[in-house]
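I sat down with this model and a cup of coffee, and kept notes as I went. Here is what I looked up, entry by entry.

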Amino acid sequence: MPVVEMRKLVLIGNSSERERLIKILHTEECVEIVAAPKTEGTRYADKQSALEVYGAKKAKLDFMFDFLKSCQIEAQALIKAKKINYKPVKKPFLAGKPSLTMEEFYETPKLEAEVFNAYKRLTRLSESLLKNKSEEIRLKNTISQLQPYKEVDAKLESFKDTKNVSVLLGTVPSSKKVVAEKAEEAGAYMLFYDAGVNCTVVCIFLKDNHDEIAKILSDAEFSACTLNYTGVPKDVIAESEKLLAENTAMREKLIEQIISFEFVLDDCKRLYDYYLIEERKLECEQNTSCTETSYILEAWVPLDKTEKLDKALSESPLALMYEIREPVEGEKPPTYVEDNTVVEPYQTVTNMFSAPAYREIDPNPFVAFFFFLFFGMMLADAGYGLILMILTGIVLIKQRPPKGQASLIKIVFMGGISTVIWGVIFGSYFGYSATDLGIWCWFNPIEEPMNMLFLSLGMGVFQMCFGLGINMIAMFKQKKPLDAISGTLSWYFMIIGLALAFGSSLIKAIAIPAWVKTVGYVLLGVGVALLMLSGALHKKGASRVTGAFASLYDIINFFSDLMSYTRIFGLGLASAVIGMVFNEIGALMMNMIPVKAIGVVVAAIVFLIGHVFNIGINALGAYVHNSRLQFVEFFGKFYTGGGRLFRPLGCEMKYYYIHNQEVKK
């Protein structure tokens, strides 16, 4: 199905009513306002100062989010250590995104007084916490710096030179103590205090001997004490440790006070979403072309929403004149795709590559089918698929996400279903084969890897031919039948021709008549001729000949793309082998340990860790490599992309969503 058709809303209204009009459009949640063309005598509305106000308010909320989050981490450790007596706000397990009615949304500004009062108090607490941290750093530095001099039983300020005597306090490496002791032979009085790696030294000597003793101390790598403290070092350390303990207790009280503001976080999130929408409204107002008394607004609306929008505008009390028309030449409508519940999650896969161009065919149903198919083949274990289904199913049931959200979780859930199906087909159950369990399977990829390889390549041919078929249909719709036949149908002739001409060599169990091979060669020749024709089309002169032969290079590209599907074979085989290896390791550990109960426990741990790892790494690989097959090998055959996603006013909300349309206009 093609993407949804869009219509252009062109509206003229009274400038004094513009804000009310945009509120109505937000309520309908089906309109993307774009910049109206600026004409003679008009200007764009300037809402920059109002945008700055909302920006400043959002910055305050961002501070509260970040500050409370950082303190929550510290508070959890303190609660666990029973240092503070606080019960954190409990939230339901896997709580979903909360919702608001439109009435509740527009009542959100009533929360500002309480929230910003909390902001002021948190700001003061933040300053106190910063001072507390600075004091903690200062005290720790004091203790650390004085630690080497802890054994010196004299006040630090007493180590001063007199008229004739030099007094030095410092440290030397313990390994250089013997060198420092030589200063005694030069007439110095030395005191040594063992301080671990370094040795504390007090050196007293006549100034007349300065040069000689200074040379000895230099050789001993003496480092003079330059600390500016007063008092006996151990007393200063003790006092600092006491102050540090008091400072730590003060910090714990501050954290307890800060964390008590958790209750305001939900209101902060609600306000944040309100500001996002109000900012978007102001940007929409800035996109209107206006005079002193009127304005022109332009917006895109999906075709199926035009009746609803027309009703809302016609019933509004505002002075309006508008039309809802088809796009004209030169306009580039945004892309809006409506898919069913099963296909919708796969829009995120397509949009990672590029949104469909307007009026382009919707690729999401095809992506959904092949992504689902290949995901299970790549993981290919019924047990793993069941685990993925259970885990993602719990998340979906608990969260009940609104439409358009949790797409990745839904994709993995459906991938789990596919994995169960292919796991049964390949006979793999947590790394154990169906043969060992006495259960039916089509074939075991480990025992018959060539079958898995041929199946993977067959799936690749199927997907690429499917993409070529979509392209051929599009060509016929664009009234380019010769391009469709020569550029696309040629591949079908060549593929069928190859299968008939060389299939008999591969399938020896079936007697194939000789004429089948002849038909194959004929179809192959027709396909090559059509491909060369496609290269010569739309060219003139000698370039037709070069173009015809150059098109044959596409055959190499086709087979190069086909080889990419061996990643299905590789991942499917890797998943099975890794699971089997962990089972073998678990069994080996169980047999090696003499106490059977302990052996069973160890084997269970190995089994659990190994298979959790295998599920995680191979599910990620299945998602990534599956996406690559869609983007390169599949999309390369028919998909253009390059569209811009439709973003209606109201979709900007981050923490909440609006679930109804109830609002007074």
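The entries below go through cores, helix pairs and a few single residues.

**Entry 1: what I am looking at**

I remind myself that this is a predicted model.

**Entry 2: the cores**

I began with the nonpolar cores. Which residues have the most contacts inside the largest one? I found F374 and F375 in that role, in a core of 52 residues. Helix α12, residues 364-379, gives the most to this core, with 11 residues. I noted a further core of 43 residues lying apart from it, and L51, F67, L78 and Y656 are among its members. As a general reminder to myself, nonpolar side chains in soluble globular proteins tend to be buried together.

Next I listed what F374 touches. Leaving out residues up to four places away in sequence, I wrote down M459, Q463, Y565, I568, N626, L629 and Q630.

**Entry 3: just past α12**

I then checked A380, in the loop between α12 and α13 (382-399). A380 is not a glycine, yet its phi is positive, at about 50 degrees. Is A380 buried or exposed? I put A380 down as buried because its relative accessibility is 4%, below the 20% cut-off.

**Entry 4: another positive phi, in another setting**

K82 also caught my eye, with a positive phi of about 60 degrees in a residue that is not a glycine. I located K82 in the loop between α2 and β4 (99-100). K82 has 75% relative accessibility, so I count this residue as exposed; the cut-off for that is over 50%.

**Entry 5: α2 against α9**

From that loop I stepped back to α2 itself. Helix α2 (residues 48-80) packs with helix α9 (residues 265-286) at an angle of about 155 degrees, and their axes are 10 Å apart. The angle is over 145 degrees, so I call α2 and α9 roughly antiparallel. I recorded their crossing as left-handed. Sorting the contact by class gave me 14 nonpolar, four polar and seven charged residues.

**Entry 6: α4 against α9**

I stayed with α9 and turned to helix α4, residues 112-146. Their axes come within 10 Å and cross at roughly 115 degrees. That is why I describe α4 as roughly perpendicular to α9. Here, too, I noted a left-handed crossing. From α4, the contact uses E112, E114, V115 and F116. From α9, I listed D267, C268, L271 and Y275. By class, I get five nonpolar, no polar and three charged residues for α4 with α9.

**Entry 7: α18 against α19**

The next pair I opened was helix α18 (residues 514-536) with helix α19 (residues 543-550). They pack at an angle of about 135 degrees, with axes 7 Å apart. That angle makes α18 oblique to α19. I noted their crossing as right-handed. Which residues of α18 and α19 meet? I found M532, G535 and A536 in α18, facing R544, G547, A548 and F549 in α19. By class, the contact has four nonpolar, two polar and one charged residues.

**Entry 8: α1 and a distant partner in sequence**

I wanted to know how many residues of helix α1 (residues 18-28) are buried. My answer is eight of its 11 residues, so I wrote "mostly covered" beside this helix. The buried ones are R18, L21, I22, I24, L25, H26, T27 and E28. Just after α1, E29 takes a positive phi of about 55 degrees.

I followed I24 a little further. Its C-alpha is 8.4 Å from that of S316, although the two residues are 292 apart in sequence. S316 belongs to the loop between α10 (306-315) and β11 (320-325). With a relative accessible area of 9%, S316 is buried.

**Entry 9: a buried histidine**

My last look was at H611, in helix α22, residues 596-638. I marked H611 as buried, since its relative accessible area is 3%. What is H611 in contact with, once neighbours within four places in sequence are set aside? My list reads Y384, F430, G431, G579 and N583.

Methods:
Residues numbered from 1 in each chain as written. Predicted model: local features only at pLDDT ≥ 70, side-chain atom pairs only at ≥ 80, totals over all residues. Heavy atoms only, no water. Axes fitted to C-alpha atoms, helices over the stretch in contact; angles between N-to-C directions. Helix = DSSP H or I, 4+ residues; strand = E, 2+ residues; numbered from the N terminus. Parallel < 35°, antiparallel > 145°, perpendicular 65-115°, else oblique. Left-handed = near helix turned anticlockwise from the far one by under 90°. Contact = heavy atoms within 4.5 Å. Nonpolar A, V, L, I, M, F, W, Y, C, P; charged D, E, K, R; others polar. Core = buried A, V, L, I, M, F, W, Y, C linked by side-chain atoms within 4.5 Å. Buried < 20%, exposed > 50% of the residue type's maximum accessible area, 1.4 Å probe, protein only.
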